[in-house]
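Dear colleague,

Please find below the sequence and structure that I am handing over to you. My findings follow directly after them.

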Amino acid sequence: MDNRNGLNGIWVEEYVEALQEHYPELLWTKAATNILDASPFSYGTESRYQRPTEGGAGGVTGWISNRFSPMNAMTISRTYKGLLCHKSPIDLLLYSACLWELKPKTVIELGAFQGGSGLWFADQMEAMDLDGQVHSYELLFKAISPRAQHPKLHFHPCDLKNLESFDIDQLKELPHPWFIIDDAHVNLLNTLSFFREFMVEGDYFVKEDTCSLGSLSENAEYLTLAESLGFFTDRIYTDAFGYNVTTAKNSWFTLLSDCNVHKHIHRSLRDITWEGA
Ligand SMILES: C[S@@+](CC[C@H](N)C(=O)[O-])C[C@H]1O[C@@H](n2cnc3c(N)ncnc32)[C@H](O)[C@@H]1O
């Protein structure tokens, strides 16, 4: 049992220690400080517990948190099986639904972090009895936790700034359909174009955090590129909880032939004539 910080089975400190050991030059960068801030139940010097009346009866709720944007506030402080897992609860539900619909043979995650999200994907695949595998790629490969282990989960070192470093032969061998999640936030345009080359109809590419791309024009450039590469946005997922209530705003991309696009035009339940009605 590990109860540093008074938390049992939560391994966020282990990630910081791995950075310290293997990538000490990164430890005090903004990203690393964000990790520390993001540790679950991180309340700074405040106590984790408070008396019920201490918070007051009214006040600001988590949904309109003043800490970060609401979506970030939901994303932050997340772990899965004690490992950092920076996914919003809404995206996790959407991923679960899409895994079931798509039944991917390959999940490709760009940006493994501590391995918690890869482990979540692998567990989901197993729970749904899907026979696909999860391949997760990461620059800081040595900071991935040895606890992120699953027979379906495979980590690979990579540098997305240098796409030539990808093992293309290995990539081509991965069976379709593919479900790709880009959560690394580097070299975005080239990464999308690179993977598009190997994708086939029906595959998905989700670009997380388009809600927080540097600027609106950067976002527009990204979406324009996606369109020119033949992607469609799947609104079943972007808009499941309301217009673009996902960190991947407009960026749940899929490849479809034109005839399939029309086949999938949404029919309202009211338009359906029920037999015997
Ligand atoms: C937002 S985190 C990923 C979060 C993780 N998918 C999750 O949900 O918990 C982004 C990750 O991308 C990695 N990364 C940054 N630059 C990279 C690069 N050039 N190539 C590959 N990975 C990179 C970072 O080290 C970090 O682990």
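Thr233 has Phe253 in E9 as its bridge partner. In the same pair of strands, Phe231 stands opposite Leu255 in E9. Strand E8 and strand E9 (residues 252–255) are joined by 3 bridges and pair in the antiparallel sense. Please bear in mind throughout that this is a predicted model.

On its other pairing, E9 meets strand E7 (residues 204–207), again in the antiparallel sense and over 3 bridges. Here Tyr204 has Thr254 in E9 as its bridge partner.

These strands belong to an open sheet of 7 strands, ordered E5-E4-E3-E6-E7-E9-E8, with mixed pairing. Its edges are strand E5 (153–157) and strand E8 (231–233), each of which pairs on one side only. On average, neighbouring strands of the sheet are turned by 20° against each other, with direction ignored.

Elsewhere in the sheet, strand E3 (residues 106–110) is mostly covered, as 4 of its 5 residues are buried. E3 runs parallel to strand E4 (residues 133–138), and 5 bridges join the two. One residue pair in this arrangement is Leu110 with Tyr137, the latter being the bridge partner in E4.

For the chain as a whole, I can report the following. The protein chain contains 10 helices and 9 strands. It has 277 residues, of which buried residues make up 31%. Of the contacts between residues at least 6 apart in sequence, 69% join residues at least 24 apart.

The confidence of the prediction deserves your attention. The mean pLDDT of the protein chain is 82, and 71% of its residues reach 70 or more. Over residues 59–68, however, the pLDDT is below 50, and this stretch has 10 contacts in the model beyond near neighbours in sequence. Where pLDDT is low, the predicted coordinates should not be read in detail.

The model also includes a ligand. Around the ligand there are 20 residues, and the closest are Gly111, Phe113, Ser117, Leu139 and Leu160. By character, the residues of this shell divide into 10 nonpolar, 4 polar and 6 charged.

Several loop residues may interest you individually. Is Thr246, in the loop between helix H9 (235–238) and E9, buried or exposed? Thr246 counts as buried because it has 27 C-beta neighbours inside 10 Å, and the cut-off for a buried residue is 20 or more. Leaving aside residues up to four places away in sequence, Thr246 touches Ile90, Asp91, Leu94, Tyr237 and Thr238. Of these, Ile90 is 156 residues from Thr246 along the chain, yet their C-alpha atoms are separated by 6.5 Å.

Leu140 is found in the loop between E4 and E5. It has 18 other C-beta atoms within 10 Å and is therefore partly exposed. Leu140 and Leu19 are 121 residues apart in sequence, while the distance between them in space is 8.4 Å, C-alpha to C-alpha.

Three further places concern the geometry of the backbone. First to mention is the cis peptide bond that joins His176 and Pro177, with omega of about 0°. Pro177 is placed in the loop between helix H6 (168–173) and strand E6 (178–182).

Next is Asp129, which has a positive phi of about 60° although it is not a glycine. Asp129 lies in the loop between helix H5 (116–127) and E4. With 7 C-beta neighbours inside 10 Å, Asp129 counts as exposed, because the cut-off for an exposed residue is 12 or fewer.

The remaining place is His185, in the loop between E6 and helix H7 (188–196). Its phi is near 65°, a positive value in a residue other than glycine. His185 has 17 C-beta neighbours inside 10 Å, so it counts as partly exposed.

With kind regards

Definitions and conventions:
Residues numbered from 1 in each chain as written. Predicted model: local features only at pLDDT ≥ 70, side-chain atom pairs only at ≥ 80, totals over all residues. Near = placed C-beta within 6 Å. Nonpolar A, V, L, I, M, F, W, Y, C, P; charged D, E, K, R; others polar. Pairing = 2+ DSSP bridges. Axes fitted to C-alpha atoms, helices over the stretch in contact; angles between N-to-C directions. Contact = placed C-beta atoms within 7 Å. pLDDT = per-residue confidence, 0-100.
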